[in-house]
Amino acid sequence: MNPIAIFWPVVAQVLLVFLVYFLLSKRRFAAFRSGTFKAGEFRERKSEPAESTTTYNNLVNQFELPVLLYVVCISLFVTNGVSYVTVLLAWIFVISRYAHAFVHVTINRLRYRRPLFVVGFLSLGLLWVWFALHLLGMV
């Protein structure tokens, strides 16, 4: 396994952040253009237009749990811990984040969002367990 492979899920996760930023900008501009939100209200951002609230919330999510993905992937790389299992777990996490983001910024139904979050949470947790076992020399 080429250890560089651990960075492709990271690149995909970063791409998701940029996509959500783009969507947020688009939705905020639409709110401004429709007159429901004034440009000056973005200066201090004490509130968010209804049109972009879920997108903003999703963007905030991209700087919570995914940060742990970045740390563990770099840590696996520098300690020579990259394996097929770690790359697979990283991809499962990222794919679940894409699906979670899609549901969050479209229908925003917790019934669908929560299971996607749980899949990501568990895959990332397993990735950290694998890393700990690697540090202990057990895998």
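**View 1. The buried side of helix α3.** In this predicted model, helix α3 runs over residues 53-61, and its buried residues are T55, N58, L59 and N61. Those four cover an arc of only 150° around the axis, so they end up on the same side of α3. What do the buried residues of α3 pack against? Their partners are α1 (7-34), α4 (65-78) and α5 (84-105).

**View 2. Helix α3 against helix α5.** Here's a helix pair to look at through its axes. In general, two packed helices are described by the angle between their axes and the distance between the axes. For α3 and α5, the axes come within 9 Å and cross at roughly 160°. Anything over 145 degrees counts as roughly antiparallel, and α3 and α5 are therefore roughly antiparallel to each other. The crossing of α3 past α5 is right-handed. Which residues meet here? From α3, look for T54, T55, N57, N58 and N61; from α5, pick out R97, H100, A101, H104 and V105. T55, N58 and N61 will be familiar from View 1, where they were listed as buried.

**View 3. The largest nonpolar core.** This core is made up of 25 residues. Want a few to click on? Those with the most contacts inside the core are I6, L69, V72, C73, L76, L124 and L127. As for who chips in, α1, α4, α5 and α6 (110-135) each supply at least two residues of this core.

**View 4. Zooming in on L76.** L76 is one of the core residues with the most contacts. Which residues does L76 touch once you leave aside its neighbours within four places in sequence? The list reads I6, G81, V82, T86, L127 and F131. Among them, I6 and L127 also belong to the group with the most contacts inside the core.

**View 5. N80, in the loop between α4 and α5.** N80 sits in the loop that links α4 to α5. Its phi is positive, about 55°, although N80 is not a glycine. Buried or exposed? With a relative accessibility of 68%, N80 counts as exposed, because the bar for that label is over 50%.

**View 6. N108, in the loop between α5 and α6.** Move along to the loop between α5 and α6 and you'll find N108. This residue is not a glycine either, and its phi is positive, near 50°. Relative accessibility for N108 is 28%, so N108 counts as partly exposed.

Technical notes. Residues numbered from 1 in each chain as written. Predicted model: local features only at pLDDT ≥ 70, side-chain atom pairs only at ≥ 80, totals over all residues. Heavy atoms only, no water. Buried < 20%, exposed > 50% of the residue type's maximum accessible area, 1.4 Å probe, protein only. Arc of directions from axis to C-beta. Contact = heavy atoms within 4.5 Å. Core = buried A, V, L, I, M, F, W, Y, C linked by side-chain atoms within 4.5 Å. Axes fitted to C-alpha atoms, helices over the stretch in contact; angles between N-to-C directions. Parallel < 35°, antiparallel > 145°, perpendicular 65-115°, else oblique. Left-handed = near helix turned anticlockwise from the far one by under 90°.
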